[in-house]
Amino acid sequence: MARPIPVPNDFNKPFWDAVNERKLKVQKCTTCGRLGYPPRRTCDKCGGTTFEWHQVQGKGHVDVGFTIRDSRIKGFREMQPINFAIITLDEDPGLNFLSNLPGTPAGTIPLGAPVELIFEEVAPGRLLHEWRVIK
Ligand SMILES: [Zn+2]
């Protein structure tokens, strides 16, 4: 399946650098300690604008899922049926990631199932974080 290759900018580059090292790092607000993903310029909780990068463990579970079967949106047509799931991290339920759940057949998303972080190579030397259901 063709996946879009992320284009890092100066702002989210530390996130993508970590992914290329098979690590998942999220922003940690230096004012209030809130963890945040995706990267943003202002803390949701306190409005702070300075962050550290905090490595998370990469354990979570499937929170919500759906399968696209007959979208007419160009770009989905070649991929469908395709799973989309929202992953919630065990470490902090405020951290959510979108996943296609590689390895899980379309239409069989196990809600509540535990998932683990994996990395897929989308281009030479370029990794993308994904989530796989733990069987
Ligand atoms: Zn904050």
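In which loop is the place of Gln80? The views below are taken from a predicted model, and the last of them returns to this residue with its answer.

**View 1. The whole chain, with its 1 helix and 8 strands.** Read from the N terminus, the elements of the protein follow the order α-β-β-β-β-β-β-β-β. The radius of gyration is 16 Å, close to the 14 Å that the globule rule gives for 135 residues, so the protein is as compact as a globular protein of that length. Taken along the principal axes, the box filled by the C-alpha atoms is roughly 45 × 30 × 25 Å, and buried residues make up 17% of the 135 residues. Of the contacts with a separation of 6 or more, 48% come from residues that are 24 or more positions apart.

**View 2. The two assigned domains and the contacts between them.** The domain assignment places residues 10-55 in domain 1 and residues 57-135 in domain 2, and the C-alpha centres of these domains lie 21 Å apart. On the side of domain 1, 7 residues are in contact with 11 residues of domain 2. The residues of domain 1 on this touching side divide into 5 nonpolar, 1 polar and 1 charged.

**View 3. The open sheet of 3 strands.** The strands of this sheet are arranged in the order S2-S1-S3, with antiparallel pairing. Strand S2 (35-36) and strand S3 (51-55) are the edge strands, each of which pairs on one side only. Strand S1 (residues 25-29) is joined to S2 in the antiparallel sense over 2 bridges, and Gln27 has Gly36 in S2 as its bridge partner.

**View 4. The open sheet of 5 strands and the helix that packs on it.** Here the order is S6-S5-S4-S7-S8, and the pairing is again antiparallel. The edge positions are held by strand S6 (96-99) and S8, each pairing on one side only, while neighbouring strands of the sheet are turned by 35° against each other on average, direction ignored. Strand S5 (residues 82-89) pairs with S6 in the antiparallel sense over 4 bridges, and Ala85 stands opposite Ser99 in S6. Helix H1 (residues 13-20) packs on this sheet, where it touches S7 and S8, and the direction of the helix makes about 70° with that of S8.

**View 5. The hairpin of S7 and S8.** Strand S7 (residues 114-123) and strand S8 (residues 126-133) run antiparallel and are joined by 8 bridges. Within this pair, Glu116 stands opposite Arg132 in S8. The hairpin has 2 residues between the strands, and Gly125 takes a positive phi near 75°.

**View 6. The surroundings of Gln80.** To answer the opening question, Gln80 has its place in the loop between strand S4 (59-68) and S5. With 15 other C-beta atoms within 10 Å, Gln80 is partly exposed, because a count between the limits of 12 or fewer for exposed and 20 or more for buried falls into that class. When the neighbours within four places in sequence are left aside, Gln80 is in contact with Ile68, Arg69 and Ser71. Asp17, by comparison, is 63 residues from Gln80 in sequence, and the two are 30 Å apart in space, C-alpha to C-alpha.

Definitions and conventions:
Residues are numbered from 1 along each chain as its sequence is written. This is a predicted model: local features need pLDDT of at least 70, side-chain atom pairs count only at pLDDT 80 or more; totals for chains, interfaces and linings use all residues. Two strands pair if DSSP finds at least two bridges between them. Domain bounds come from an automatic or database domain assignment. Ala, Val, Leu, Ile, Met, Phe, Trp, Tyr, Cys and Pro count as nonpolar, Asp, Glu, Lys and Arg as charged, and the others, Gly among them, as polar. The radius of gyration is taken over C-alpha atoms; the globule rule is 2.2 Å times the number of residues to the power 0.38. Axes are lines fitted to C-alpha atoms, for helices over the stretch in contact, and angles run from 0 to 180 degrees between N-to-C directions.
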